[in-house]
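Here is a short briefing to read alongside the model. Keep the viewer open and follow along from one topic to the next.

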Amino acid sequence: MTHTRDQLITALHHEYEFLCHDDFDPDVDPTPAEYLDWLNTCTDDDLVTESCTDSNYTLDEYLTTWL
């Protein structure tokens with residue numbers, strides 16, 4: 001599967017929104033909008049790192065889950 005930068009940012013943002021739904025602490029966690037702004041400043045390599053993917057949980061699997 002090939003992916004674009006925008007797809008990776010969208011997937012990371014979707015995952016973050018999901019995680020914030022049940023466990024958001026406004027004193028320490030960025031809002032989903034703030035997180036999205038931060039994602040847009042990251043390099044492509046940083047975005048892949050943020051996805052926490054590896055040979056066991058691939059980037060393709062991650063994108064399939066969160067897009």
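Val48 is partly exposed in this predicted model, with a relative accessible area of 32%. Its home is helix H3, which covers residues 44–50. Val48 is a handy place to start, and the points below go on to the chain as a whole, the helix packing and some individual residues.

**Around Val48**

- A relative accessible area of 32% puts Val48 between the two cut-offs, under 20% for buried and over 50% for exposed, so Val48 counts as partly exposed.
- Which residues does Val48 contact once its neighbours within four places in sequence are left aside? They are Leu8, Thr53 and Leu59.
- Leu8 is 40 residues away from Val48 in sequence, yet the C-alpha atoms of the two are 7.8 Å apart in space.
- Leu8 also belongs to the part of H1 that touches H4, and Leu59 is on the H4 side of that contact.

**The chain as a whole**

- The secondary structure consists of 4 helices and 0 strands, which reads along the sequence as α-α-α-α.
- The radius of gyration is 12 Å, close to the 11 Å that the globule rule gives for 67 residues, so the chain is as compact as a globular protein of that length.
- Along the principal axes, the C-alpha trace spans about 35 × 25 × 15 Å.
- Buried residues make up 24% of the 67 in the chain.
- Taking contacts between residues at least 6 apart in sequence, 58% join residues at least 24 apart.

**H1 against H2**

- Helix H1 runs over residues 5–22 and helix H2 over residues 32–39; the two pack at an angle of about 155°, with their axes 10 Å apart.
- Because angles over 145 degrees count as roughly antiparallel, H1 is roughly antiparallel to H2.
- The crossing of these two helices is right-handed.
- On the H1 side, the contact is made by Arg5, Ile9, Leu12, His13, Tyr16, Glu17 and Cys20. H2 contributes Pro32, Ala33, Tyr35, Leu36 and Leu39.
- By class, the residues of this contact split into 9 nonpolar, 1 polar and 2 charged.

**H1 against H4**

- How close do the axes of H1 and H4 come? They come within 9 Å and cross at roughly 60°.
- That angle makes H1 oblique to H4.
- H1 passes H4 in a left-handed crossing, whereas the crossing of H1 and H2 is right-handed.
- From H1, the residues in contact are Gln7, Leu8, Ala11, Leu12, His14, Glu15 and Phe18. Leu59, Tyr62, Leu63 and Trp66 take part from H4.
- The residues of this contact divide into 8 nonpolar, 2 polar and 1 charged.
- Leu12 appears in the contact of H1 with H2 and also in the contact of H1 with H4.

**His13 in H1**

- Is His13, a residue of helix H1, buried or exposed? With a relative accessible area of 13%, His13 is buried.
- Not counting residues up to four places away in sequence, His13 touches Pro32, Ala33, Tyr35, Leu36 and Leu39. These five are also the residues that H2 brings to its contact with H1.

**The loop between H3 and H4**

- Ser51 sits in the loop between H3 and helix H4, the latter spanning 59–66.
- At 4% relative accessibility, Ser51 counts as buried.
- Beyond residues up to four places away in sequence, Ser51 touches Leu12, Leu59 and Tyr62. Those three residues also take part in the contact of H1 with H4.
- Cys52 lies in that loop as well, but Cys52 is exposed, with a relative accessible area of 61%.
- Most residues other than glycine have a negative phi. Cys52 is not a glycine, yet has a positive phi of about 55°.

**The start of the chain**

- Thr4 is in the segment before H1 and counts as partly exposed at 41% relative accessibility.
- How far apart in space are Thr4 and Asp22, which are separated by 18 residues in sequence? The C-alpha to C-alpha distance is 29 Å.

Note on methods
Residues are numbered from 1 along each chain as its sequence is written. This is a predicted model: local features need pLDDT of at least 70, side-chain atom pairs count only at pLDDT 80 or more; totals for chains, interfaces and linings use all residues. Side-chain values use heavy atoms; hydrogens and water are left out. Axes are lines fitted to C-alpha atoms, for helices over the stretch in contact, and angles run from 0 to 180 degrees between N-to-C directions. Angles under 35 degrees count as roughly parallel, over 145 as roughly antiparallel, 65 to 115 as roughly perpendicular and the rest as oblique. A crossing is left-handed if the near helix is turned anticlockwise from the far one by less than a right angle, and right-handed if clockwise. Contact means heavy atoms within 4.5 Å. Ala, Val, Leu, Ile, Met, Phe, Trp, Tyr, Cys and Pro count as nonpolar, Asp, Glu, Lys and Arg as charged, and the others, Gly among them, as polar. Buried means under 20% relative accessible area, exposed over 50%, partly exposed in between (1.4 Å probe, protein chains only). The radius of gyration is taken over C-alpha atoms; the globule rule is 2.2 Å times the number of residues to the power 0.38.
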